[in-house]
Structure formats: structure tokens, C-alpha cells
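Colleague: Could you pick one part of this model and take me through it slowly? I would like to see how the buried side chains and the packing around them fit together.

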Amino acid sequence: MKTIKFKFLFIALAMIITMVSCSKDFLDVQPKGTNLESNYYKNDTEALAGLVSVYDLMRKNSGGFENMITMMNAGSDDNYAGGGSATDGAGIQGFSNYTLSPTSMPRSFWSDHYQGIYRANYLLTKLPGIPMDASLITRYTAECKALRAHYYFNLVRMFKNVPLITTPLATSEYYSVLQATPAAVYAQIEKDLTEAIIALPATVPAADAGRFTQGAAKALLGKVYLYEKKNAEAAAQFATVNGTPGGTSQYGYKLLSKYGDLWVTDNKYNTESILEVAHTNLSSASWNNPYGDSAEGNIVNIMVGPRNYTKIGASAPDMPSGWSFNVFTQSFYDIIKTDPRFAATVLDMKALSAANQASYIGGYQDTGYFLNKFIPRKADVTTGTGEPVLNYRQNSYVIRLADSYLMEAEALGGTGARAQALLDAVRARVGLASTPVSLAVIKAERRLELAGEGHRFFDLVRWGDATTVLASRGFKPGKNEVFPIPYQELQNTLIVQNPGFN
């Protein structure tokens, strides 16, 4: 979520709060480094370091092998897990064919988000006592609340039944935490975002790009309302973020004129970006600690590229080899192949191979159709001290403007002049003519516009379409709308497993 400047201030100061691996991983946090908690947070520099540590868990979107984008893609109807074999990543494979169990569920999807929540909770208790400008305390407090809301939103969507923790826990409380109702979690998310919006800046200077703004918090709140089926409230939030469809909003958001520019590595924090996760190739991440706190690269990049790629002809892209995860399904290819967004979305290795322009070795579930939005080019490969495949620098979007347009159109019930204008703006950007707006049309547009960005599974579940669309993949209604809670998180606690996974 940080710019390089913002991120590396924290790295220079060293990690002060780090989760450790244990049976109560989501709760048990130990201080790490030269500055113990009791001696820290004495000035504004240390407060900023603490804030960066809260932002650091935003990397879950596209950092580490167990990232949100490739995991959520794998469970949709648009992508397979792919990879090297049926055992290449038990969690991502299990979600793709709906055989996930508490023991195969990657623990980090639970613990990493609670790590971010712990850091937010801890800093919130410290901020009032730090001798620093009151306006900074107000802003940092708002950012902590917005980040906590983001982490809880991911948790409640993935696991539904989760503990709601808003203060650091004492050791005696570790084993007695109970799960809250989803309604209580959503209420806390709404509260955090509503309070944060008041205090967040409307815009930030380039040096602070990636930090929460009013627009980002409002867009996230609109999305939360949409998931709660509070459509009127959702539409109101989105309207203030989106402004006039196709124009520039009050926060400076505007659709890029070229869809493909969204995926240009250097086009960070562009006018379409509302909430964005930062990555850099400047860290020294290596195979000794490939996905830990020092890992700042985008791992989606290496995961989705074709294996053993070789450029043969001039028309083939110049790119490194990858691990062949998230290949597109044939059914999705058939839908998008005539759409103007095809080339930016799909790398058609089947066609390149047939034309003798490039070669590759097919991985597991290979279709020949790769996720081009995230495949890096050789110019993106780091020449620094870190392991190249762990240090790609492409940022990833959590929310971008076209997504927000389509969510507002949906919240409006897929009807009316404004919903039509929002839909038309998304389509006009890629040269498509207007088509009468409806919920069905909005669903189809989201599938094409946001393909491979990790939204499709969540969309299908909240629309109530997952049972029908994902039946052939093994999806079972009443069970597979959520993940199983990782086995380790149940040990020595009062946490109860989700239905169907016992």
C-alpha cells in the first residue's frame, strides 16, 4: 500500500511488531527487533513506523505465494489453479476443486489479516500518548481504522464467522476469544470507515501515494454496504467517489483512456486507482525468507506466467518464465475472445505456439490461455540483490474506478439513467457501444472488465449464482461460500469450525 519512500522508512527502522507461528497465531504477537513495545512509540517518527507496519499487511493482495488474487481466481469459473501439478500448492488446488479442508486451508489467509488487525489495535492505543501534532494523531488514527476495516472485510467474506477484536488482548484472554456474528463484524467495519472518512485527507501528495484517502475509504464503505445488500447506502457512497460517469470526480478519479495502460508496470497510482497495493524490486527477499516481512515483491507476476517460456518470433512478447498458475478456462476464453479487452487480459500461448512465435511447457490444467494483466516483461526483472522471481514491482488494485462504476450501477438496481451512464462509460472506454442496462448486463460486464483480478468468486457468492455456476467444480451450497477455518486456529481456543468442514 505504500510508495517506496513510505515503505522503506519502516524497513530502515526495523520491524517492531511481528506475528509468530504458534497455535494461537492470530492472537499471539511478540515484539521483534531492538525496540521493545514498552520503549517504542515515543515520537512522530516511531508513530509513522508503526503506521507503516499496519499498512504492510496490505501486501496480502498480491504478495507471497498465498495471495488474495491468485487464490480467489482459482475458485472462480474463469480460472483453474494451474501450477506445476495437482499438488502444487495444496490450498490453491483445494479451493479450485472445492476439496479444501481445515488441514489444507492455508493458515495465512486468517493469520495475516489478524496480524494487520493487531498492529492497528496496538497503534490505536499508543497514538493518544505520543507527543506529536494533533492533526497527525487524527490522521494516523483514521488510517488505522480504515486498514482494520479492510482486513476485517476480507476476513468476514472469506470465513464469515470470525472473532471481533478491537483492542490488544492480554495473555489471559488468548484462549477464550469467541467468534462474533457476521452482522457485528460488518457493524464494526461500517463504524471504522465512517469515522475514518471524516478525518482522512481528500487527496495526498505523490510522496504519500497509496495511503488511505477519503475517496478510498468511501469506495470501500460502498462495497461493504453492497455486500450487506444496503443498496441505497452503497449507491450514495459510490456516487461521491465516481462523480459524473466518464468525467473527473471530486477526488481526481478518472477512467484511463486505454484499458491496457492499467497494466503498465510504471503506471502506478494512476487516475483510475482508488485503493492500490505497492510493490518494489528493491528489497532483498530471497529463498531463505521468500514471503516474510522483508518480501516486498508482487508474487502474482511470477505465478501466472507460462513455464519454460521461449520467445521465437518477433511478434511474441519478451518475458521471463513463470509458474503457470491461474490459466483461464476454455469457457472464459470463448466469452472474451472477441472483446476489446482480450489482448490486455489473455496471453494466448496456444496461438503463439501454433504460429511458431513462442514455446512453453504446459503446466497442470494447461489451456494455453494465461493471465496477461500480471505477466511481467523482462524489463521488469530485478537486477538487485534479491531473488528475481520474488522481487517484481507491479502494483495491484484493490479497488479501481471501473469497478466502482459497476458496483454503483448494481447498487442502483441495474436500472435508471445514472446506472446506464455508468455502464456506458466502462464500455465506451474500450470502444463498445451502449447496451440497455440491467443486472444481468452489469454482471457480464464485471466478468470481462475485472477478469483475473480476484473479484469473480466473491461476486458469484453475493449474487447467489455460485451454486449454479460452480457446480461442475464441486461447489456445495451452504458450505463452500466460505473457507474452512485453518485447523491450527482451532487448537486450544473456543473457535468453532464453519459448517460442513468438521
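**A close look at the buried interior**

Modeller: Happy to! Gln188 has a relative accessibility of 15%, so it counts as buried, the cut-off being under 20%. Please keep in mind that this is a predicted model. Gln188 sits in helix 7, which runs over residues 182-199. Leaving aside residues up to four places away in sequence, Gln188 touches Arg148, Leu164 and Thr166.

Arg148 brings us to helix 6, since that helix covers residues 134-159. There, helix 6 packs against helix 2 (residues 44-55) at an angle of about 15°, and the two axes lie 10 Å apart. Angles under 35 degrees count as roughly parallel, so helix 2 is described as roughly parallel to helix 6. The crossing of helix 2 with helix 6 is left-handed.

The side of helix 2 in this contact is made up of Ala47, Leu48, Leu51, Val54 and Tyr55, and they meet Tyr140, Glu143, Cys144, Leu147 and Tyr151 of helix 6. Sorted by class, that gives nine nonpolar residues, one charged and no polar ones.

Now for the wider setting. In soluble globular proteins, nonpolar side chains tend to be buried together. Here the largest nonpolar core holds 116 residues, and those with the most contacts inside it are Met71, Phe159, Ile189, Leu193, Phe212 and Phe483. Helix 6 is the top contributor to this core, giving 14 residues. As for Met71, its partners beyond four places in sequence are Gly91, Ile92, Phe95, Leu100, Met105, Pro106, Phe109 and Phe483. There is also a second, separate core of 32 residues, with Tyr309, Ala316, Tyr333 and Ala358 among them.

Two loop residues deserve a look at their backbone too. Most residues other than glycine have a negative phi. Tyr41, in the loop between strand 2 (29-31) and helix 2, has a positive phi, near 60°. With a relative accessibility of 5%, Tyr41 counts as buried. Ser324 also has a positive phi, near 65°, and it lies in the loop between strand 4 (307-311) and helix 11 (330-336). Its relative accessible area is 1%, so Ser324 is buried.

If you want a place to start in the viewer, I would centre on helix 6, which both packs against helix 2 and gives the most residues to the largest nonpolar core.

Methods: Residues numbered from 1 in each chain as written. Predicted model: local features only at pLDDT ≥ 70, side-chain atom pairs only at ≥ 80, totals over all residues. Heavy atoms only, no water. Axes fitted to C-alpha atoms, helices over the stretch in contact; angles between N-to-C directions. Helix = DSSP H or I, 4+ residues; strand = E, 2+ residues; numbered from the N terminus. Parallel < 35°, antiparallel > 145°, perpendicular 65-115°, else oblique. Left-handed = near helix turned anticlockwise from the far one by under 90°. Contact = heavy atoms within 4.5 Å. Nonpolar A, V, L, I, M, F, W, Y, C, P; charged D, E, K, R; others polar. Core = buried A, V, L, I, M, F, W, Y, C linked by side-chain atoms within 4.5 Å. Buried < 20%, exposed > 50% of the residue type's maximum accessible area, 1.4 Å probe, protein only.
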